[in-house]
Amino acid sequence: MTKHWLMLIVGAFFEVLWVTGMKHSTSWLEVLLTLVAIIISFYALIRASEALPVGTAYAVFVGLGTTGTIIVSSLLFGESFSLVKGLLLAILLAGVLGLKIITGKKG
Amino acid sequence: MSWIYLLIAGFFEILGVGSISRYNQKKDSLSLLILILMFGCSFLFLQLAMRVLPMGMSYAIWTGIGTSGGALLGMLFFKESKDWRRLLCIALVLGAVIGLKLVG
């Protein structure tokens with residue numbers, strides 16, 4: 001079970017890479033790397049869904065991907081980070097944590 | 001027309017999520033092809049919608065349709081848990097993602 005949650009984190013990590021790549025790619029090499037990141041991220045999502053309910057897996061995949069994208073755009077690309085964003089991120093992570101706890105018990 | 005593109009994109013995303021389940025059950029190349037086609041169409045229509053509609057809002061609506069629809073599809077066709085705590089947590093994650101896309 002834990003292995004599959006790790007897969008979701010890997011999937012979300014590569015999701016952040018390709019979302020960033022789609023926004024900022026300027027060369028063919030970067031476009032190619034973006035495509036590779038899409039493939040790895042979906043591969044990880046599919047592997048995670050082997051054991052986790054797909055509705056849960058997809059929500060966590062999207063949620064963690066959004067979290068990462070917001071952190072990257074604040075840290076690397078200087079987008080503003082507000083109190084509202086911080087609160088929403090806290091709610092999001094609480095939801096992910098809740099899913100992890102519940103899914104462990106009942107599948 | 002852009003709104004219709006956005007709805008179509010969300011619809012293909014639901015089918016994409018469903019085809020992940022199908023692929024994991026069957027593990028054949030037809031299921032993989034369907035999976036790639038569904039997500040491919042979804043991204044294509046999202047891109048078309050985003051030419052006119054604001055990006056953050058388009059993404060929020062697209063994710064909203066796909067994630068909630070994917071969860072429903074899982075419960076209806078793949079016997080996934082209907083535990084209210086699970087649904088509440090999915091709603092929390094989804095609500096926060098939509099909020100972040102709208103304020104971001």
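The following exercises, each with a worked solution, concern a predicted model with chains A and B.

**Exercise 1. Describe the secondary structure and extent of chain B.**

Step 1. The elements are counted: chain B has 4 helices and 0 strands.

Step 2. The elements are read in order along the sequence, which gives the pattern α-α-α-α.

Step 3. The extent is taken along the principal axes, where the C-alpha trace of chain B spans about 40 × 35 × 20 Å.

Step 4. Burial is considered next: of the 104 residues in chain B, 44% are buried.

Step 5. Finally, consider the contacts in chain B between residues at least 6 apart in sequence; 74% of these join residues at least 24 apart.

**Exercise 2. Determine how α1(A) and α2(A) are arranged, and which residues make their contact.**

Step 1. Two packed helices are described by the angle between their axes and the distance between the axes.

Step 2. For α1(A) and α2(A), the axes come within 8 Å and cross at roughly 155 degrees.

Step 3. Angles over 145 degrees count as roughly antiparallel, and α1(A) and α2(A) are therefore roughly antiparallel to each other.

Step 4. The crossing of α1(A) past α2(A) is left-handed.

Step 5. Among the residues of α1(A) in the contact are Met7(A), Phe14(A) and Trp18(A), and those of α2(A) include Leu33(A), Ala37(A) and Ile40(A).

Step 6. Sorted by class, this contact of α1(A) with α2(A) has 14 nonpolar, 5 polar and 3 charged residues.

**Exercise 3. Is Phe14(A) buried or exposed, and which residues does it contact?**

Step 1. Phe14(A) is located in helix α1 of chain A.

Step 2. A residue with 20 or more other C-beta atoms within 10 Å of its own counts as buried. Phe14(A) has 22 such atoms within 10 Å, and is therefore buried.

Step 3. With neighbours within four places in sequence set aside, Phe14(A) contacts Ala37(A), Ile40(A), Ser41(A) and Ala44(A).

Step 4. Val31(A) is 17 residues from Phe14(A) along the chain, and the C-alpha atoms of the two are separated by 14 Å.

**Exercise 4. Determine how α1(A) and α3(A) are arranged.**

Step 1. Helix α1 of chain A covers residues 2-24; α1(A) and α3(A) pack with their axes 8 Å apart, at an angle of about 50 degrees.

Step 2. An angle of this kind falls outside the parallel, perpendicular and antiparallel ranges, and α1(A) and α3(A) are therefore oblique to each other.

Step 3. The crossing of α1(A) past α3(A) is right-handed.

Step 4. Participants in the contact include Leu8(A), Ala12(A) and Val16(A) of α1(A), and Ala57(A), Val60(A) and Phe61(A) of α3(A).

Step 5. By class, the contact of α1(A) with α3(A) has 11 nonpolar, 5 polar and 1 charged residues.

**Exercise 5. Describe the contact between the chains and the largest nonpolar core.**

Step 1. Chain A gives 27 residues to the contact, and chain B gives 28 residues.

Step 2. On the side of chain A that touches chain B, α2 (28-48), α3 (54-75) and α4 (83-106) each supply at least two residues. The largest share, 12 residues, comes from α4(A).

Step 3. By class, this side of chain A has 17 nonpolar, 7 polar and 3 charged residues.

Step 4. The largest nonpolar core has 57 residues, of which Ala57(A), Val60(A), Phe61(A) and Val93(B) touch the most other members. Elements giving two or more residues to this core are α1, α2, α3 and α4 of chain A, together with α1, α2, α3 and α4 of chain B.

Step 5. Val60(A) serves as an example: residues up to four places away in sequence not counted, Val60(A) touches Leu8(A), Val96(A), Leu99(A) and Val93(B).

Terms used. Residues are numbered from 1 along each chain as its sequence is written. Chains are lettered from A and ligands numbered from 1 in the order in which they are written. This is a predicted model: local features need pLDDT of at least 70, side-chain atom pairs count only at pLDDT 80 or more; totals for chains, interfaces and linings use all residues. Two residues are in contact if their C-beta atoms, placed from the backbone, lie within 7 Å. Ala, Val, Leu, Ile, Met, Phe, Trp, Tyr, Cys and Pro count as nonpolar, Asp, Glu, Lys and Arg as charged, and the others, Gly among them, as polar. Axes are lines fitted to C-alpha atoms, for helices over the stretch in contact, and angles run from 0 to 180 degrees between N-to-C directions. Angles under 35 degrees count as roughly parallel, over 145 as roughly antiparallel, 65 to 115 as roughly perpendicular and the rest as oblique. A crossing is left-handed if the near helix is turned anticlockwise from the far one by less than a right angle, and right-handed if clockwise. A residue is buried if 20 or more other C-beta atoms lie within 10 Å of its own, exposed if 12 or fewer, and partly exposed in between; C-beta atoms are placed from the backbone. A nonpolar core is a set of buried Ala, Val, Leu, Ile, Met, Phe, Trp, Tyr and Cys residues joined through C-beta atoms within 7 Å.
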